[in-house]
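Please look over the model shown below, and keep it in view while reading the report that follows. The headings take up its open and enclosed spaces, and then the chain as a whole.

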Amino acid sequence: MTYSKLASASAIVLAATTLSTTAKADDLTLCWAAWDPANALVELSKEFEAESGHTMNFEFVPWPNFADRMLNELNSGGKLCDLLIGDSQWIGGGAENGHYVQLNEFFDAESISMDDFAPATVYAYSTWPKGTPNYYALPAMGDANGWFYRKDWFDDPEIQAAYKDATGQDLREPESQKELLQIAQFFQGREIDGKTVYGAAIFTERGSEGITMGVTGALYPWGFKYENTPGSYDMEGAVNSPEAVEALEFYKEFYKTATPPGYTNSYMGESLDAFKSGQVAMAMNWFAFFPGLYADPNTGGDKIDFFVNPPQNVAGSTLGGQGISVVSYSEKQDAALEYIKWFAQPAVQAKWWELGGYSAHNSVLQDPGFVDSAPFAGDFLLAMNDVQDFWQEPAYAELLLAMQKRIHDYVVADQGTAQEALDLLIEDWTETFQDEGKL
């Protein structure tokens with residue numbers, strides 16, 4: 001896929017970029033998840049190799065195993081990774097446990113300003129403690145959970161008429177969470193082109209982070225907060241507020257009434273498969289996958305379109321994305337910092353977007369041609385204005401496993417009520433924060 005409007009507007013001339021090279025060429029290893037953007041980064045990094053003389057190697061791990069593999073590597077002081085594009089939730093542990101090199105002095109010396117990157121990505125991917133000017137990563141891959149749908153079905157006159165008869169409304173991109181569910185329920189079990197289809201593919205996976213990343217797509221628009229006061233760990237009345245209970249009940253109704261049968265443990269791959277195989281009218285997934293979806297020969301192009309996670313009481317999207325850090329155990333930190341300096345350049349960031357990565361650099365996002373450079377570019381900007389992220393505490397993994405269990409038990413396994421699930425989650429999280437000395 002090409003983004004010709006942005007490319008021409010930015011006048012990218014990477015060949016003219018020069019780097020200061022070290023006396024010795026190094027072999028660097030960059031670690032990340034195995035997905036489409038990683039392939040784009042391999043292509044992009046060929047420019048760095050040509051300009052610096054260093055050789056780039058890559059260790060890409062499938063998402064279901066990524067956290068366990070990389071966190072084990074960091075916790076053991078391993079030297080596999082010189083550069084790590086770590087998940088946003090890892091920043092607290094990476095900083096407090098000494099896994100990541102603090103980058104402030106380097107940024108100052110190289111005139112790299114965090115003001116040049118989207119504020120939400122700097123806050124989420126780079127800072128610890130949150131919101132302080134202490135930087136442990138450069139924003140590398142902006143991302144959020146969004147939606148895509150079968151535009152050809154939505155545009156079909158017979159389907160439009162049937163929806164109008166059923167709801168009294170016009171079939172369109174949903175403008176609220178409740179309208180999203182109404183549309184999904186309309187498509188549930190409907191026959192299209194001789195095949196039974198279903199409403200939407202949502203996240204229900206229990207083993208890693210899936211159902212949490214899915215349910216927060218409902219919780220945040222209802223107004224869910226982790227704390228009454230940021231930094232207080234005061235969760236009672238926030239995590240289990242009436243709005244949070246209603247949102248969790250909504251997500252369970254969505255799962256029970258508008259998803260394909262048997263999707264009890266679905267995440268990124270299952271969502272993509274359900275859509276590409278023609279099973280569902282809509283699906284949630286990360287913006288990172290949208291370039292590949294648009295390029296798909298069967299369900300992409302004119303057959304697909306995209307929309308930002310709809311609001312309910314407020315606008316809100318689940319944050320994805322990552323920052324790139326220099327691993328403190330690396331013996332090639334100088335060369336790794338060269339890569340950071342190279343990657344931060346506006347011309348390289350423009351090329352990153354062109355190849356299918358999601359730049360967080362303002363020179364790309366604020367370019368006049370950005371919104372028209374891809375059919376999902378405008379939705380991406382909207383999403384990144386209203387993102388929220390999971391706890392970024394050093395104990396995030398324990399906090400995440402607790403939420404995975406409580407939400408999956410309620411939504412998928414039919415255990416207890418939404419109120420009980422959230423009350424128990426507060427108990428779990430309180431115990432963790434007490435163990436951490438935070439309460």
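## The largest pocket

In this predicted model, the largest pocket has a lining of 23 residues, and those that lie nearest its centre are Tyr123, Lys130, Tyr226, Glu227 and Asp389. Two elements give two or more residues each to this lining, namely α6 (119–125) and β11 (387–388), and α6 gives the most, with three residues. The space in the largest pocket comes to about 680 Å³.

When the lining residues of the largest pocket are sorted by class, 12 are nonpolar, four are polar and seven are charged. They can also be sorted by domain, and here at least three residues come from domain 1 (25–142 + 321–388) and at least three from domain 2 (145–318 + 395–435).

## The second largest pocket

The second largest pocket has a volume of about 480 Å³, and it is lined by 21 residues, of which Trp63, Pro64, Ala67, Ser208 and Glu209 are the closest to its centre. The elements that each give two or more residues to its lining are the helices α3 (63–75), α12 (268–276) and α18 (396–411), and it is α3 that gives the most, with six residues.

By class, the lining of the second largest pocket is made up of 12 nonpolar, four polar and five charged residues. Where does the second largest pocket lie with respect to the two domains? Because domain 1 and domain 2 both give residues to its lining, the second largest pocket lies between them.

## Enclosed cavities

Besides the pockets, a search of the whole structure finds three cavities of 30 Å³ or more, and the largest cavity holds about 90 Å³ of space. Its lining consists of 15 residues, and the closest to its centre are Asp87, Glu209, Trp286, Gly320 and Gln322. Glu209 is thus named here for the largest cavity, just as Glu209 is named among the residues closest to the centre of the second largest pocket.

Strand β10 (residues 317–326) supplies the largest share of the lining of the largest cavity, with four residues. Of the residues in this lining, seven are nonpolar, five are polar and three are charged. As for the domains, the lining of the largest cavity takes at least three residues from domain 1 and at least three from domain 2.

## The two domains

The protein chain is divided into domain 1 (25–142 + 321–388) and domain 2 (145–318 + 395–435), so written that each domain is given as two stretches of the sequence. The C-alpha centres of the two domains are 27 Å apart, and across the boundary between them 21 residues of domain 1 are in contact with 22 residues of domain 2.

## The chain as a whole

Taken as a whole, the protein chain has 19 helices and 11 strands. Its radius of gyration is 22 Å, which is close to the 22 Å that the globule rule gives for 439 residues, and therefore the chain is as compact as a globular protein of that length. Along its principal axes, the C-alpha trace spans about 70 × 55 × 30 Å.

How many of the residues of the protein chain count as buried? Of the 439 residues, 56% do so, where buried means under 20% relative accessible area. Finally, if one considers the contacts between residues at least 6 apart in sequence, 76% of these contacts join residues at least 24 apart.

Notes
Residues are numbered from 1 along each chain as its sequence is written. This is a predicted model: local features need pLDDT of at least 70, side-chain atom pairs count only at pLDDT 80 or more; totals for chains, interfaces and linings use all residues. Side-chain values use heavy atoms; hydrogens and water are left out. On a 1 Å grid over the protein atoms alone, a cavity is a set of points where a 1.4 Å probe fits but cannot get out, and a pocket is an open set with protein on both sides within 12 Å along at least five of seven lines; lining residues have an atom within 4 Å of a point. Grid points are joined across faces, edges and corners, and a volume is the space filled by probe spheres set on the points. Ala, Val, Leu, Ile, Met, Phe, Trp, Tyr, Cys and Pro count as nonpolar, Asp, Glu, Lys and Arg as charged, and the others, Gly among them, as polar. The radius of gyration is taken over C-alpha atoms; the globule rule is 2.2 Å times the number of residues to the power 0.38. Buried means under 20% relative accessible area, exposed over 50%, partly exposed in between (1.4 Å probe, protein chains only). Contact means heavy atoms within 4.5 Å.
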